[in-house]
Amino acid sequence: MPSKAKTGKKLVIVESPAKSKTIAKYLGEGFIVEASIGHIRDLPQPSELPAELKKTSVGKFAVDVDNDFKPYYVVSPDKKKKVAELKAQLKDADALYLATDGDREGEAIAWHLLEVLKPKVPVYRMTFGEITKEAIHRAMDNLRDVDQDLVDAQETRRVLDRLYGYEISPVLWRKVARGLSAGRVQSVVTRMVVDRERERMAFKSASYWDLTGQFGAGSGSFKAKLAMVDGAKVASGRDFNDSGELTSRNAVHLNQDLATSLAAGLQDADFRVRSVDTKPYTRRPAAPFTTSTLQQEAGRKLRFSSKSTMQVAQRLYENGYITYMRTDSSALSNEAVTAARRQASELYGPEYVPASPRVYSGKAANAQEAHEAIRPAGDSFRTPAQVAKQLSGDEFRLYELIWKRTVASQMADAKGSTATIRLGAIAADGRDAEFSASGTVITFPGFLAAYEEGKDESRGDDESDEARRLPNVAKDDALTASEIAAIGHETSPPPRFTEASLTAELEKKGIGRPSTYASTISTIQDRGYVRKQGSALVPSWIAFSVIRLLEQHFHDYVDYEFTADMEADLDKIANGQAEGPAWLKHFYFGEDSNPGLLSIVNNLGEIDAREINSIPITEGITLRVGKFGPYLESSVPTVDPKTGEVVEAARANVPEDLAPDELTAAKAVELMETAAPEERVLGADPHTGHTVVAKNGRYGAYVTEVIPEMTEEQIANQPVEYYKNGKPKPPKKPVKAKPRTGSLFASMSVDTITLDEALQLMSLPRVLGQDAEGNPITVQNGRFGPYLKKGTDSRSIGSEEEIFTITLEQALEIYSQPKQRGARAAVAPLAEFGPDPVSEKNIVVKEGRFGPYITDGVTNITVPRSTSLEELTREQAVELLAEKRAKGPVKRTTTARKAPARKAAAKK
């Protein structure tokens, strides 16, 4: 067979379509650049496996657990067309360049492409850290093969996550609630948030007092704080533990009486300077950004969520503005160091650049130095002003942050001096009081001229001494005193995690990969385990139940150290120091004294679901996590005052916006005492004889009828049916009749509603009559208020009370008017973002049936659960609409003739 004729074409495959045009421009003629659009294949759901595999060792996970945990991959249905296109392009190519991202996931995508496309031409692995002409040309000069160790590590991670999730999640479904999920990293991250809330719930505040005063010298005045009394240190917030106990033995604890009496005794005291201590001050710049530190700083300074930060960074990278945004390295290339130093010198002066370049290395546990730090792209950096017109608002702000941090990292130290003044006096009652004041004066800003790193909320009560200039005083100088006052304080509980501080803690503990932090934090919010309260992350009560079950029965799998060790093991696989199949065998099947996951799942024993879902709040009151949410239940039996019989324990719903640490014993008692009655009997329906009751439900108050079940005698007396052989069939269990129900109007309550009102509500919808064509018109109440209905045509009416007063004539008059879509749209939008760049129509956020959504009047997209309305920006709204347009209209399922059976996909 003759060999294929040379075409001169070379096929380059990248992950994202956004990269392809830019890369094609840099590569020039002869190169065809196509995008795989992420992964082309993955593990299927076990239910999607061919029938012949479902009962084999592959059937449970789509992973062959008996044969080296070999995964069974299939091309994703939405990628079959793309694979066909790539194969067609490959037929005319002389070479294949796999240019997916340079991390483990990108390496795995390259391997999957190799496995599926089966090229018969030379194959080269091409990686680059930025999309610039110089970087692309350097990548072409440094081609390599696919790194099988990196692929093995990523595939091991994928199989590990499948084993973990598919074995543990079903236990949560059975014992907590359907639809929950467990994950190797997500469960540990959820535990961290729950543990912090537990600390806050157990925290006991302590009160302490101190003094402040304003002191004057000839050269100026300054504020100082009481430091010592009679030679003993005055206790501050950090001297108390979380139980409210003083832990510093030598500290004096001032209460209100001691503090106020001391302040009074110092009003006329003779204050003098006791010492002046001056020390040089030096501060070094922070290292360039890694994925983790970028997410933290963007959260602090720009109020971006981790997810938003990565989305914006992805766009900046793909359009050639920054280097690759998934990296654990804080190192800069020689070209970047030169560019940063040159720009710092040009913008701030040569004195702002140190004599030799600064060198940074990773400090995080399990850090990988596979990439450069995140920095502006290119061998020379564009300033924010130079790119301002090309970027959206969020893109510009993030680029500016990255540019400042990078340039500052190669600038000189900030220099100055820190002075501490000690001053004191003898109070009228003889107590010796010593005050202290410190201040730092920056004499040379150095890197601070370009950038200063932000800080997370921390505990403690010390005020910052930075940038405070103290007057020039000497020992024994006399001082005037004024405004000496006693100040009371309360110790504060550990601050809740924000996305930024949680990311920092994950990196510190070595849990997970920084490249997955954003998606993990987003996942625990989407799953309902965590919600945002401002910027703080608050766990739900269901998260408490999930973590409690995992701690009791899967302790190692939510242990911080165990999880970090797993990450280290995966790194060994990536480095070629361990093999994936052997590690998975040890993890799943165990060996010797170390039980594997399978053994633990098979030997769980009995799990008390009620105990797992119960949290004692105070004596006699327990919080239960139920099917419809959390509620309080009294353990003290409730006795019916009329009959003396013990009835169901009293209950009270827990407000959804009440954080767990806010459900104190006092609050629980208040909720129980103010809870509306669960149920109130209104009487019997005169037509049916059924009892009518009013109830408080999870979604509001309603009325319903109680339909009695048939007795065994009534069931036995039903007409007998016979089989064909003449034998009688057993009595059928009667179909349970659906009771009539009706939601209470806003003006009604369980305490006051009458039987007549309840019967009216249960009679809805109310038939008004027919129009001229014979179409019936009804009036009813709905989730969005009262409305008329004629076939598929619905019209809103004014108030709930009109449901029982509106006439057919009034309804016909309403229907005679043109239908106003948006008659309810007179309600102001939740937010407005100006015209959309594509449709040129105004972008607004509206409240919809399934929550808030973004629309330009043509395209609608629900606001993600992980994004609060306060955080939503114009750029995010534009991007979400663009993504929805790109996906096209939702494909509706249609009935089609059954296709002939296909052969099972080959096992890879």
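How many aromatic pairs does a search of the whole structure find? The search finds 22, where rings of Phe, Tyr and Trp (its six-membered ring) pair if their centres lie within 6.5 Å. This is a predicted model, so local features need pLDDT of at least 70 and side-chain atom pairs count only at pLDDT 80 or more, while totals for chains, interfaces and linings use all residues. Residues are numbered from 1 along each chain as its sequence is written, and side-chain values use heavy atoms, with hydrogens and water left out.

**View 1. Y164 meets Y557 edge-to-face.** The ring centres are 6.0 Å apart, with 80° between the planes (over 60 degrees counts as edge-to-face, under 30 as stacked and the rest as tilted). Y164 belongs to helix α6 (residues 148-175) and Y557 to the loop between α16 (541-553) and α17 (560-574), 393 residues apart; helices are DSSP runs of H or I, at least four residues, and strands are runs of E, at least two, numbered from the N terminus. Y164 is buried at 0% relative accessible area, and Y557 is buried at 3% (buried means under 20%, exposed over 50%, partly exposed in between, with a 1.4 Å probe and protein chains only).

**View 2. Y352 and F444 form a tilted pair.** Here the values are 4.8 Å centre to centre and 40° between the planes. F444 lies in strand β14 (residues 432-444). Y352 counts as buried at 14%, whereas F444 is partly exposed at 21%.

**View 3. Five residues join in one aromatic cluster: Y164, Y557, F562, W583 and F587.** Look for Y164 and Y557 from the first view here too.
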